[in-house]
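Biologist: I have a model to go through and would like to start with one residue. Can you put it up?

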Amino acid sequence: MIRRLAILLAMLTALAGCRNDGPAATAETSPAGHAYRLLFLPGNEDVSIHVAWPTDRAYRAGVNPAAPHVGVDLILAGGAEGYPAGETGERFADLDAEASLYVAVADHVIGELTAKKANLDEAIVIANAHLRAPGLDQAWFERIRGGFAKTVAESQAQPLNAGFAALRWAVLGDQPLRAALSLDEPGVIESLTAADVKAWHKEVITARPEAIVVAGALDARAAGAAVDALLAGLPATGREMARAAQADWTPRRILLHRPEADTATLSFVGPLPPTRAPGEIEDLILVGALGGGDQSVLFKAVRTELRASYGFGAGLANYTRELRVLALSGQVVPERLADVERAVRKAYAGFRAEGPGGDLAARKAPLLEAFRQLPEFVIDVANAELQGRLDGYNPGRALALPEELEAVDADSLAQRLREGWPSADDLIVIAVSPDADALPGACVITAPEQAADCP
Amino acid sequence: MKIDRKPWRIAVLLIAFFGVAGFSAFMFQFREAPVVESLPDSPFAATWLVRTPDTDRVTAHLIIQSGEADRTGPPGLMHYVEHLAWMNAIGSESRPEGRDTNAWAASLATGYWLSGDRSDLAELISTLTRVLDPIDLPRDFMEEERDILLREYDLRLAGRIDARVARALRREIYAPNPHARPVLGTRPGIAAFEPEDAVALHAQTHRRENAVLVVIGDIPARDLRAALPDLPAITAAPLPPPPFVLGPAGETRLRLREPDADAHMVWRRIVALEEPQQMDLLGARLALLRDILDTSLPGGLAGPLRFESFITRAFDIELWPLDERHVEIRFTAWPDEGVSLERMRRAFEEAFEATARAGIPEETFARVRERFEHFWPDWSDEGEVADWMAGHVIDAVSARGAPLDVERIRALDRELDLTAINSLLGSYLRGGRTVVAFVGKQGDPG
């Protein structure tokens, strides 16, 4: 009887233990030798595998920068060995699985595969076929290239995007990186060949990714097997990355004259430290306080007080993992462009000097809720861990974000503003306006490439 | 033996007891505290509570069941009213961090919301309901807000090809109904708005008998009741939405010149159903039909248009109900290289009509039906159910309909059968009103 009671207690303890086991992160190595991070998420029915392949093609002359963009779409849509185009999507839908492959700024191609745990094996077989032996059929290549060219052309015609293209000329000049980010060299997409895409695929989609994360309710044995199966048959080749790029953040005031534009846009842009350095969480709080809603500093300055715009916001972006930018941007009435420039500069200077103020706990609350819920969303938490891995954080950064947030205080925010954020006078101003004289003293240009010569 | 078995019996009894107790508690919770609840004797046209578990946040929505479709005269005035009412009640004052708010204007309703900590519920509702107070803003401020409307107009339309195209189609496909009226108005119309007209329209529409309060949060009904303003209950019946009447049958072709556009076609059709269907059931059936048509399976459109032939390099398809008797379909497609918009239109119509005549094959229906569980929340996840139901209540009230409770929503899934789906699909062949727009550099690049 005693023994049976002991067994019963052990069972109940084990059950209690299962209930209390929370998410955990470990660094693992698969049987085939792939280093990866495992986010153990008990109770989650889905498994998500994220892989980051490194690339430096955006920094190199002599390679077509459109190849990665067309390549990822071609791999996803154009079929693969044993899987004619059109069939994979239906099978994935039956499996309740999804896959994506995308160019992550200039430095990586990221693949994400997510499936119900019970369906993971078949989803991996299909994904592996598409990574290892994509169709790269000429007709599908031309279809995707043509569509991509038209989409890019439509996007580049928008005034705000034309302004950001001019900004890249001002900051990056005539480096390959600028051409890769803007994709605006004449005929660059049209001249892309299937051979270019095949070369890109051979070089980048290899068995030597930089980072792998597996998230779900599976142990290291199952996770390692999944990683090996996903990367099976890919070439074990690699190359030393050469990612040299120079950024010129000399403050300038530039106006791109677009007589046909219906309205004007105004942006202020400056550099921020990369996310591998401390301060990323502070940035999230600060950018919300500066330009994230009707109570933000910029909204109050431009809409509530100056009454010159529907809204004016702030955001964070990356040219590369090293070149990170802060952008303040909004659409304004052309005749008040100069007023808005002064108001934004003054508001930003005040914000940088005085900080966000107010109730910091309340500012943290929405972020805290999102971070706490992150382990419930297998794709999002795997993505956050992958980014942490690429930034050099220890395993489990995605799970420790609430604690990171907890450590943020008024002093760390003030220090971040003082040491990490550009001063108001160090921001580059770029306006796109139908009125060439709307920003007195600005360097007026009529095409984005002329921004490279603005003093 | 007897003694030896006793611990197991105790364990079984304990498990049974706690299991029954837990199940009873679970059932009790749903019986005593439904996810969606309508409070009786509301000081508004209705007050709905959607109970979301384990959150300190509460969001209160006040939805005025009057919108652009109820108006005559220059369009967009209700949007101006929305701006002024929000500024009058909420927007012009500083708020504590963590208290979020916004407002919106639509064809059938105008809405305001304010969120914050649940301990501030009474204050949140009090602040929110000030949008019903008479607008008392300086005239020059109201004139400046008119200029802000023009900036918003530019933001939403000047740089947005898809928004301009949607606006042009809306005008054609919904005519002669008031649903065709543009909510944002027109540029010259906005510039001519008089603040006094907006103030008068506000007084006419922003009344308790037109307003529905929806509160979403982890709060008991008694707390919500205590937080409501101490005013007499509204007994008047809510204003029904303007009826939808099918416009002239036939097809209208539009050629929209957008010099920067990636050339494409937008094809829309509205048809009348032979028998009315409950809106939420109709919405679910149309969503399932959409998923089927989007596939490359037999009966789907991706096979003939994207995979078996290179006709469209990409397309998007949506189907939705306008009311219980009218349904709409919108097909947006970008042609493959060398395919004209006209040829793409013919290929689409042939493929669509072929599948509508033949009906959806059983095997295709079974496969997509199996996937369709994602349309609903995970019914075992209390939080997901509450979030889904919150969206349902907001949508239903905004469309001036009555929200369903959880059990009635769950029951809809049983009515998604192949016969009903094929019947709906076949209805799109019965005439109706069709508008086709070719969008591109020359209006007709094909």
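Biologist: Is B:Glu258 buried or exposed?
Modeller: B:Glu258 is buried, because its relative accessible area is 10% and buried means under 20%, exposed over 50% and partly exposed in between, using a 1.4 Å probe and protein chains only. Before going on: this is a predicted model, in which local features need pLDDT of at least 70 and side-chain atom pairs count only at pLDDT 80 or more, while totals for chains, interfaces and linings use all residues. Residues are numbered from 1 along each chain as its sequence is written, chains are lettered from A and ligands numbered from 1 in the order in which they are written, and side-chain values use heavy atoms, without hydrogens and water.

Biologist: Which side chain meets B:Glu258 in a salt bridge?
Modeller: That is B:Arg164, at 2.7 Å from N to O. A salt bridge here is a side-chain nitrogen of Lys or Arg within 4 Å of a carboxyl oxygen of Asp or Glu. The two residues are 94 apart in the chain: B:Arg164 is in helix α5 (residues 161-173) of chain B, and B:Glu258 is in the loop between β7 (250-257) and β8 (264-272). Helices (H or I, at least four residues) and strands (E, at least two) are DSSP runs, numbered from the N terminus. B:Arg164 is partly exposed, at 27%.

Biologist: Which residues do salt bridges that share partners join into one network?
Modeller: A:Glu90, A:Arg91, A:Asp94, A:Glu122, B:Arg367 and B:Arg371.

Biologist: How many salt bridges are there over all chains?
Modeller: The count is 62 over all chains. Between chain B and chain A it is 8.

Biologist: Give me another one, within chain A.
Modeller: A:Asp184 pairs with A:Arg178, with 3.2 Å between the closest N and O atoms. A:Arg178 is buried at 0% relative accessible area, while A:Asp184 is partly exposed at 26%.

Biologist: And the two chains together: how many residues of chain B are in contact with chain A?
Modeller: 48 residues of chain B contact 39 residues of chain A, where contact means heavy atoms within 4.5 Å. The chains bury about 3800 Å² between them, 51% of it on carbon and sulfur atoms. Buried area is the accessible area (1.4 Å probe) that two parts lose on being put together, summed over both.

Biologist: What does A:Arg143 do there?
Modeller: A:Arg143 has a salt bridge with B:Asp336, at 2.6 Å from N to O. The charged end of A:Arg143 also sits over the ring of B:Phe310, 3.8 Å from its centre. A charge counts as over a ring if NZ of Lys or CZ of Arg is within 6 Å of the ring centre and within 35 degrees of the ring normal. Similarly, A:Arg307 lies over the face of B:Phe141, at 4.0 Å from the ring centre.

Biologist: New topic. How many aromatic pairs are there over all chains?
Modeller: There are 16. Rings of Phe, Tyr and Trp (its six-membered ring) pair if their centres lie within 6.5 Å; planes under 30 degrees apart count as stacked, over 60 as edge-to-face and the rest as tilted. B:Phe331 and B:Phe348 are stacked, because their planes are at 10° and their centres 3.9 Å apart. B:Phe331 is in strand β10 (residues 326-335) of chain B and B:Phe348 in helix α11 (residues 341-358), 17 residues apart. Both B:Phe331 and B:Phe348 are buried.

Biologist: What about B:Phe352 and B:Tyr428?
Modeller: Their planes are at 65° and their centres 6.1 Å apart, so the pair is edge-to-face. B:Phe352 is in helix α11 of chain B, and B:Tyr428 is in the loop between α15 (418-427) and β11 (433-440), 76 residues apart. B:Phe352 is buried at 1% and B:Tyr428 at 0%. Ring pairs link these four residues with B:Trp267 and B:Phe315 into a cluster.

Biologist: Last one: how many disulfides over all chains?
Modeller: The count is 1, taking a pair of cysteine sulfur atoms within 2.5 Å as a disulfide. A:Cys443 and A:Cys454 form it, with their sulfur atoms 2.0 Å apart. The angle about the S-S bond is -70°, and the link is left-handed. A:Cys443 is in strand β12 (residues 443-445) of chain A and A:Cys454 in the segment after β12, 11 residues apart. A:Cys443 is buried at 18%, and A:Cys454 at 6%.
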